[in-house]
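Biologist: Got a minute to walk through this model with me? I'd like to go element by element and have you show your reasoning.

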Amino acid sequence: MKSWGQVRMLTSMTQETAGSHNKEEAKKDQASLLQQLMTESQNEASQGFDTKSALEIARIINHEDAKVAGAVKKAIPEIAQVIDQVARSLRDGGRLIYIGAGSSGRIAALDASECPPTYSTAPGQVQYIMAGGPKALASAVEVNEDSEELGQRDIARRRPTRKDVVIGVSASGRTPYVVAAVAYARARGAKTAAVTCNHGAPLSEAAETTIVAEVGPEVISGSTRMKAGSAQKMILNMITTGAMTRLGYVYENLMVNVHMQNSKLVERGIRILMCACNIDRATAVETIKSAGRSVPVALVMLKARVDKPEAVRRLAKSDGNVRLAIEDNVLEL
């Protein structure tokens, strides 16, 4: 498999050399590189897939999906490293910025969008950049993913700094839009990571930390919305869940920072307080009301047996870490 340096050399040769190494030759080189990727290979387990019954199709897909968690497990050390980087960044006023294209970009957008209602994060704390912009979430505009210039432009608009963590998400690990954006962010001091499903990909060389979930060939060759997409979803879930937990937005295994914006979330907040403090519903409702509809404030009030102003002071002191606020301690990462 060609390294990123080789790919860049091929690109340079394309730009500088006329004749046989023209743009058409560069396309052939890129096509050859793509064919060598594990995620583009044919899967022996799904040979003759179009002749199978519905039951056989479901069984084959399920059998292949069972490999995803094992592939992710091998990347746990790198995932943990990124979790701590993201937690430190958010604590210090930085941002987590995902960047992706196609299915990978849509998965990143989903993870970013779920953070505010789940953990009451500010909308700007966890962001996503999608090749083709927001319209690409519902419509295929994958042509943009081939543009390094657009990748650099889109990340430049977010003005990444050393406080931020920028994570490129690409199943192939070779998407020019994503690789260029991550390289740009790294050059400006941001912490950078790659989430991919192929070893030795260009994105790995652009980023400081690489998370590889080698899930193998897809049931439908090259359809990386399947196993690769599932692996990326699992990894991004682990990163944001881990970071928010490290920041103390989870108490025990309860989602105590829930943003109570609708009736379902209000009910969830009440049940969380009942469970955490072993109290009845009436007490939970009354305490949440007196806490200004804040579950963390209500929880600190009950657990530490303090009034609302003291609970608010403790949470501010601990940077929102509920357990440390109960203990009246400070957050260290």
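Biologist: Which residue caps the N-terminal end of α14?

Modeller: Ground rules up front: this is a predicted model, with local features needing pLDDT of at least 70 and side-chain atom pairs counting only at pLDDT 80 or more, while totals for chains, interfaces and linings use all residues. Residues are numbered from 1 along each chain as its sequence is written, and side-chain values use heavy atoms, leaving out hydrogens and water. Helices (H or I, at least four residues) and strands (E, at least two) are DSSP runs, numbered from the N terminus. For the cap, a side-chain oxygen sits 3.0 Å from the backbone nitrogen of Glu-310, and its owner is Asp-307.

Biologist: Over what arc do the buried residues of α14 spread?

Modeller: Buried is under 20% relative accessible area, exposed over 50%, partly exposed in between (1.4 Å probe, protein chains only). In α14, residues 308-317, the buried ones are Ala-311, Arg-314 and Leu-315. Taking directions from the helix axis to the C-beta atoms, they share one side of α14 because their arc is only 100 degrees.

Biologist: And which helices do those buried residues pack against?

Modeller: The face turned away from the buried side carries exposed Pro-309 and Ala-316. Counting contact as heavy atoms within 4.5 Å, the buried residues of α14 pack against α13 (295-304) and α15 (322-327).

Biologist: On to the sheet: what is the order of its five strands?

Modeller: Two strands pair if DSSP finds at least two bridges between them. The sheet is open, with parallel pairing, and its edge strands are β2 (126-130) and β5 (209-212), each pairing on one side only. The order is β2-β1-β3-β4-β5.

Biologist: In β3, which residue is the bridge partner of Tyr-98?

Modeller: β1 (residues 96-100) and β3 (residues 165-169) pair in the parallel sense over five bridges. Five bridges also join β1 to β2, where Ile-97 has Gln-127 as its partner. For Tyr-98, the partner in β3 is Ile-167.

Biologist: How many residues of β1 are buried?

Modeller: Leu-96, Tyr-98 and Gly-100 point one way from β1, with Ile-97 and Ile-99 pointing the other way, and all are buried. β1 is largely enclosed by the rest of the structure, because its buried count is five of five.

Biologist: Which element gives the largest share of the largest nonpolar core?

Modeller: A nonpolar core is a set of buried Ala, Val, Leu, Ile, Met, Phe, Trp, Tyr and Cys residues joined through side-chain atoms within 4.5 Å. The largest one has 40 residues, and Tyr-98, Ile-167 and Ile-239 have the most contacts inside it. Elements giving two or more residues include α5, β1, β3 and β4. The largest share, seven residues, comes from α10.

Biologist: What angle does α10 make with β1?

Modeller: Axes are lines fitted to C-alpha atoms, for helices over the stretch in contact, with angles from 0 to 180 degrees between N-to-C directions. α10 packs on the sheet, touching β1, β2, β3, β4 and β5. Its direction and that of β1 make about 170 degrees.

Biologist: Last one: is Lys-227 buried or exposed?

Modeller: Lys-227 lies in α10, residues 227-246. Leaving aside neighbours within four places in sequence, its contacts include Glu-64, Asp-65 and Glu-218. Because its relative accessibility is 2%, Lys-227 counts as buried.

Notes:
A polar contact is a pair of N or O atoms within 3.5 Å; within protein, one must be able to donate a hydrogen and the other to accept it, and residues adjacent in sequence count only if both atoms are side-chain atoms.
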